[in-house]
Amino acid sequence: MTATPHLPLGTHLLADLSGIAPERLRDAAALEHLLRDAAITAGAQVLHSHFHSFGAGQGVTGVVLLAESHISIHTWPECSFAAVDIFMCGAAQPQLALDAIKDALQAAHCQLQSVRRAPPGHS
């Protein structure tokens, strides 16, 4: 298998998702499965993931490392809120990952910031 080179060009999505049922934001294993599946849906290659639950009824923090960069989530069930960070370069499509996450969490609202990442001189 030959590694595909990834140029330092990509899209970084920062999404504040709200209006989510608290029970969807407490299960570290389910959130890990969701983010790994979202990465694959976006055409990214999963390298590793690590998720941590802060205890019964509490939130979760987690990251999926990708050949193309990363997806992370931090949840606050008591506020029905999740902060999602998706950065992908290469041919991966971060919006597809975000759409999968929003749909699965059934977020009522999404406040999105999109940033194009590139070194000077690249478009």
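This is a short talk on the fold of one predicted protein model and on a few residues inside it.

Some conventions before the structure. Because the model is predicted, local features need pLDDT of at least 70 and side-chain atom pairs count only at pLDDT 80 or more, while totals for chains, interfaces and linings use all residues. Residues are numbered from 1 along each chain as its sequence is written, and side-chain values use heavy atoms, with hydrogens and water left out.

I begin with the overall layout. The protein has two helices and six strands. Helices (H or I, at least four residues) and strands (E, at least two) are DSSP runs, numbered from the N terminus. Read from the N terminus, the order of elements is β-α-β-β-β-β-α-β.

On dimensions, the C-alpha trace spans about 45 × 30 × 20 Å along its principal axes. The radius of gyration is 15 Å, which agrees with the value near 14 Å for a compact globule of 123 residues. That radius is taken over C-alpha atoms, and the globule rule is 2.2 Å times the number of residues to the power 0.38.

Buried residues account for 37% of the 123 residues. Buried means under 20% relative accessible area, exposed over 50%, and partly exposed in between, with a 1.4 Å probe and protein chains only. The protein exposes about 6800 Å², and carbon and sulfur atoms supply 55% of that area. Accessible areas come from the Shrake-Rupley method with a 1.4 Å probe; for residues, only the protein chains shown count as cover.

For contacts, I take heavy atoms within 4.5 Å. Of the contacts between residues at least 6 apart in sequence, 60% join residues at least 24 apart.

As for charge, there are 6 positive and 10 negative side chains, and the centres of the two sets lie 4 Å apart. Lys and Arg count as positive and Asp and Glu as negative, with His and the chain ends not counted. The place of a charge is NZ of Lys, CZ of Arg, CG of Asp or CD of Glu.

Now the strand pairing. Two strands pair if DSSP finds at least two bridges between them. Strand S1, residues 10-18, pairs with strand S5, residues 81-89, in the antiparallel sense over nine bridges. Within that pairing, Leu17 has Ala82 of S5 as its bridge partner. S1 is also joined to strand S6, residues 109-117, by nine bridges, and these two run antiparallel. Here Leu13 stands opposite Ser114 in S6.

Strand S3, residues 60-66, is joined to S4 by six bridges and runs antiparallel to it. The connection from S3 to S4 is a hairpin through two residues. S4 in turn is joined to S5 by eight bridges, again antiparallel.

Which residues stand opposite Ser72 on its two sides? In S3 the residue is Val63, and in S5 it is Asp85. Ser72 itself is in strand S4, residues 69-76. The residue is buried, with a relative accessible area of 10%. Leaving aside neighbours within four places in sequence, Ser72 is in contact with Leu35, Gly62, Val63, Ala83, Val84 and Asp85.

Next, a helix residue. Ala39 lies in helix H1, residues 28-41. Is Ala39 buried or exposed? Ala39 is buried, with a relative accessible area of 0%. Not counting residues up to four places away in sequence, Ala39 touches Ala44, Val46, Leu66, Ile71 and Met88. Its C-alpha atom is separated by 7.6 Å from that of Ile71, 32 residues apart along the chain.

Pro77 sits in the loop between S4 and S5. Pro77 is buried, with a relative accessible area of 2%. Outside four places in sequence, the contacts of Pro77 are Pro22, Leu25, Arg26, Gly57, Gln58 and Gly59. The C-alpha atoms of Pro77 and Val46, 31 residues apart along the chain, are separated by 26 Å.

Last, two backbone angles. Ser80 is in the loop between S4 and S5. In that hairpin, which has four residues between the strands, Ser80 takes a positive phi near 55°. Ser69, in strand S4, has a positive phi of about 145° although it is not a glycine.
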